[in-house]
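Student: I am new to this structure and would be grateful for a close look at a single part of it. Please take one helix and describe it together with its surroundings.

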Amino acid sequence: MASNKKILSNIANDLNLNFINKSCIAYGIYQEYLFFLKGSGISDRKQYIIISFCVNCQNAISLQTVLNLPRQYNMQTGNYRANIHIPIGKSNKYQINAIKNLLQDITTTLATYAFFNCDEQGNTGITEIYSVKGEYVFLTNALAEKIQYSLEEEKIAFSSKKENYLLGMIGACIGGIIASVFIFLIARAGYVTSLGYAFMGVGVVYGYKYKGIKFSKISACICILISVILSYFVFRLDMAVSINQALNLGLVSSFLYCKEITQLADNMRTYYENIALIAVGNIGTTIVAVFSMLSAQKKQFQIKKLI
């Protein structure tokens with residue numbers, strides 16, 4: 001099975017590019033053009049590598065019309081940036097050769113039609129790769145300074161705002177309740193999916209951030225607690241509906257006494273298995289969403305040049 005890190009590491013070594021193992025990225029100048037290559041992450045279902053570059057042309061020629069790519073490759077272009085999506089499925093050796101040949105074809109085409117390096121806004125000059133708010137972009141020094149000044153202003157404005165814990169909790173509850181309804185419905189339909197659990201994390205955490213303005217470690221604890229409470233509620237409600245259908249005791253009585261009824265039926269193993277399944281799924285995705293939000297908030301004012 002092909003490995004993104006091994007592929008990019010070998011390509012970087014063969015083409016004299018920089019390679020960052022932790023981020024699974026390779027970047028640098030090849031045949032006078034600046035390239036950025038990034039591999040898929042652990043959470044991605046399918047492996048892929050994206051080749052990115054930023055170019056301009058005085059003759060206003062479209063890259064789409066001059067680059068002949070294999071059908072399995074997908075290219076997305078903006079005003080000046082191109083991202084080529086390469087699915088990974090064959091051996092490392094095959095993929096390394098395929099990508100190296102592709103880079104050679106790209107640079108030959110770019111040179112033939114007189115394309116030149118530029119930044120994300122089409123400005124000429126020495127272009128380098130920066131991480132801006134966690135996203136990798138092509139910038140000249142002048143544009144980087146402009147963005148840094150803008151981010152500093154945003155940071156000052158953001159720091160003057162206070163976190164609203166009350167509204168944040170309300171937002172988290174609303175988002176969590178909406179997610180709970182969705183999880184309950186798919187549970188009643190007989191499905192247990194990671195997508196359903198993900199709704200809990202997203203609903204609670206982003207609901208809190210939307211209303212609370214900021215997100216902190218205290219916010220994280222609040223969101224996890226709300227997730228625990230709602231997960232238990234969804235579990236009890238799901239059990240209550242099943243008991244009511246079987247015994248016709250009424251939904252309220254089934255909800256209040258579902259554990260005792262399950263004990264009388266000598267079926268506590270199923271009770272604990274079901275509560276563990278819902279709790280681990282919902283709380284787990286909430287913790288992931290919490291770390292994702294904290295990381296995103298930390299990066300939202302960052303600009304860093306790759307060295």
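**Helix H10, helix H7 and their neighbours**

Tutor: In this predicted model, helix H10 has 32 residues and reaches 46 Å from its first C-alpha to its last, close to the 46 Å expected at 1.5 Å a residue. H10 covers residues 268-299. Its buried residues are Met268, Tyr271, Ile278, Gly281, Asn282, Ile283, Thr286, Ala289, Val290, Met293 and Gln297. A general point helps in reading such a list: an α-helix has 3.6 residues a turn, so residues three or four places apart point the same way.

The partner of H10 to be examined closely here is helix H7, which comprises residues 217-247. For its 31 residues, a rise of 1.5 Å a residue gives an expected span of 45 Å, and the C-alpha atoms at its two ends are indeed 45 Å apart. After H7 comes Asn248, which has a positive phi, near 55 degrees.

Two packed helices are described by the angle between their axes and the distance between the axes. For H7 and H10, the axes come within 9 Å and cross at roughly 150 degrees. Angles over 145 degrees count as roughly antiparallel, and H7 and H10 are therefore roughly antiparallel to each other. Their crossing is right-handed. On the H7 side, the contact is made by Ala220, Cys223, Ile224, Ser227, Val228, Ser231, Tyr232, Phe235, Arg236 and Met239. H10 contributes Tyr271, Asn274, Ile275, Ile278, Ala279, Asn282, Ile283, Thr286, Ile287 and Val290. Tyr271, Ile278, Asn282, Ile283, Thr286 and Val290 of H10 are in this contact and are also among the buried residues of H10.

H7 also packs against helix H5, which is formed by residues 165-188. Here the axes come within 9 Å and cross at roughly 30 degrees. An angle under 35 degrees counts as roughly parallel, so H5 is roughly parallel to H7. This crossing, too, is right-handed. The H5 residues in contact are Tyr165, Met169, Ala172, Cys173, Gly176, Ile177, Ser180, Ile183, Phe184, Ala187 and Arg188. They meet Ile218, Ile222, Ile226, Leu230, Val234, Leu237, Asp238, Val241, Ser242 and Gln245 of H7.

The cysteines of this region deserve a separate remark. A disulfide is a covalent bond between the sulfur atoms of two cysteines. With a limit of 2.5 Å between the sulfur atoms, the count of disulfides comes to zero. Cys221 is in no disulfide, and the nearest cysteine sulfur, that of Cys223, lies 9.4 Å away. Cys223 is likewise in no disulfide, its nearest cysteine sulfur being that of Cys173, at 9.3 Å. In their surroundings, Cys221 is exposed, with a relative accessible area of 54%, whereas Cys223 is buried, with a relative accessible area of 0%. Cys223 belongs to the H7 side of the contact with H10, while Cys173 belongs to the H5 side of the contact with H7.

For comparison, one may turn to another helix pair. Helix H1 (residues 4-15) and helix H3 (residues 92-112) pack at an angle of about 45 degrees, with their axes 9 Å apart. That angle makes H1 oblique to H3, and their crossing is right-handed. The contact involves Lys6, Ile7, Asn10, Ile11, Asp14 and Leu15 of H1, together with Asn92, Gln95, Ile96, Ile99, Lys100 and Leu103 of H3.

Definitions and conventions
Residues numbered from 1 in each chain as written. Predicted model: local features only at pLDDT ≥ 70, side-chain atom pairs only at ≥ 80, totals over all residues. Heavy atoms only, no water. Buried < 20%, exposed > 50% of the residue type's maximum accessible area, 1.4 Å probe, protein only. Helix = DSSP H or I, 4+ residues; strand = E, 2+ residues; numbered from the N terminus. Expected span 1.5 Å × (residues − 1). Axes fitted to C-alpha atoms, helices over the stretch in contact; angles between N-to-C directions. Parallel < 35°, antiparallel > 145°, perpendicular 65-115°, else oblique. Left-handed = near helix turned anticlockwise from the far one by under 90°. Contact = heavy atoms within 4.5 Å.
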